Amino acid sequence: MVKRIRNVDISTELYKMLIISESLVTITMAKLDRRILKTQESLRKAVIELMTEKNFDDITIQDIADRANVNRGTIYLHFQDKYDLLDKLIEGHLNELGEMDKWACQMDWSEALIPYFEYFEKNYLFFSTMLASKEAKGAPSSFRTRLLAYFMEGFKGEIDKESERNTDLSEDVMLQYAGTAYVGVIEWWIRNGMPHPPQAMAKQVGALLERTL
């Protein structure tokens, strides 16, 4: 009887230790994940800031490390090189815009575009550098081209095929026209210091896109 009680006690203690160990691992991993995300964010911010000062081709890994206040080796723990860093940065923004597509497509144009223009405003440094500034010249990936392709793909499902107003129009021409116009307006808005609030831009651009598509 004593042995049985002792075995139960030992099993209970081992179980408690296992739970504690798992909890400590979870807490440690959470702290590590936050640290990783913080480091990656500082590296992304560093490369964009540097691109406002010089062409991307002239930026070195050491430049990025110095601006982010990390060691060179730290960069290679997260990215293959500066090209990978920039591509991941661009991909991240396109993915965030893509998440908005999932629910924005259920709204009318003017309402749906508000969060997009608010996003452009919130991330002004990124978009002003990648889209409206000459300093983006030399970047390995053409952000403007990728943004245009992204919008054109999204517009495919918005073309009015029920009425007869687009019967004689080529879908490719419509998509190219609408996508180029949209990117051009965003570029103009950012280059001119966002002279109209996001809500006003959404209302006007939404009306124009509705007429176009």
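User: Happy to start with the basics. What percentage of the 213 residues in the protein chain do buried residues make up?

Analyst: Good opening. Buried means under 20% relative accessible area, exposed means over 50%, and partly exposed lies in between, with a 1.4 Å probe and protein chains only. Here buried residues make up 34% of the 213 residues. Please keep in mind that this is a predicted model, in which local features need pLDDT of at least 70 and side-chain atom pairs count only at pLDDT 80 or more, while totals for chains, interfaces and linings use all residues. Residues are numbered from 1 along each chain as its sequence is written, and side-chain values use heavy atoms, with hydrogens and water left out.

User: Thanks! How many helices and strands does the protein chain have?

Analyst: Helices are DSSP runs of H or I with at least four residues, strands are E runs with at least two, and numbering starts at the N terminus. By that reading, the protein chain has 10 helices and 0 strands. For contacts, the rule is heavy atoms within 4.5 Å. Of the contacts with a separation of 6 or more, 67% involve residues 24 or more positions apart.

User: What area does the protein chain expose, and how much of it do carbon and sulfur atoms supply?

Analyst: Accessible areas come from the Shrake-Rupley method with a 1.4 Å probe, and for residues only the protein chains shown count as cover. The chain exposes about 13400 Å², of which carbon and sulfur atoms supply 54%.

User: Now salt bridges. To what number does the count come?

Analyst: A salt bridge is a side-chain nitrogen of Lys or Arg within 4 Å of a carboxyl oxygen of Asp or Glu. That gives 10 salt bridges. One of them joins Glu-53 to Arg-67, with the closest N and O atoms 3.0 Å apart. Glu-53 sits in the loop between α1 (2–51) and α2 (61–68) and Arg-67 in helix α2, so the pair ties together parts 14 residues apart in sequence. Arg-67 is partly exposed at 34% relative accessible area, and Glu-49, Glu-53 and Arg-67 are linked in a network of salt bridges.

User: Which residue forms a salt bridge with Lys-102, and which with Glu-187?

Analyst: Lys-102 pairs with Glu-99, the closest N and O atoms being 3.0 Å apart. These two are 3 residues apart in helix α4 (residues 82–104), about one helical turn. Lys-102 is exposed at 57% relative accessibility, whereas Glu-99 is partly exposed at 45%. Glu-187 pairs with Arg-191 at 3.1 Å between the closest N and O atoms, and both lie in helix α9 (residues 171–191), 4 residues apart. Glu-187 is buried at 15% relative accessible area, but Arg-191 is exposed at 54%.

User: Let's stay with α9. How far does α9 reach from its first C-alpha to its last?

Analyst: The expected span of a helix is 1.5 Å times one less than its number of residues. With 21 residues, α9 reaches 30 Å, close to the 30 Å expected. Its buried residues include Leu-175, Tyr-182, Ile-186 and Trp-189, and their cover includes α6 (114–122), α7 (124–130), α8 (143–155) and α10 (198–212). After α9 comes Gly-193, whose phi is positive, near 75°.

User: Where does UniProt place the feature "DNA-binding region"?

Analyst: UniProt positions follow the numbering used here, feature names are shortened, and annotations may be inferred rather than shown by experiment. The unreviewed UniProt entry places this feature at residues 60–79. Over that stretch the chain is 75% helix and 0% strand, with the end C-alpha atoms 14 Å apart.
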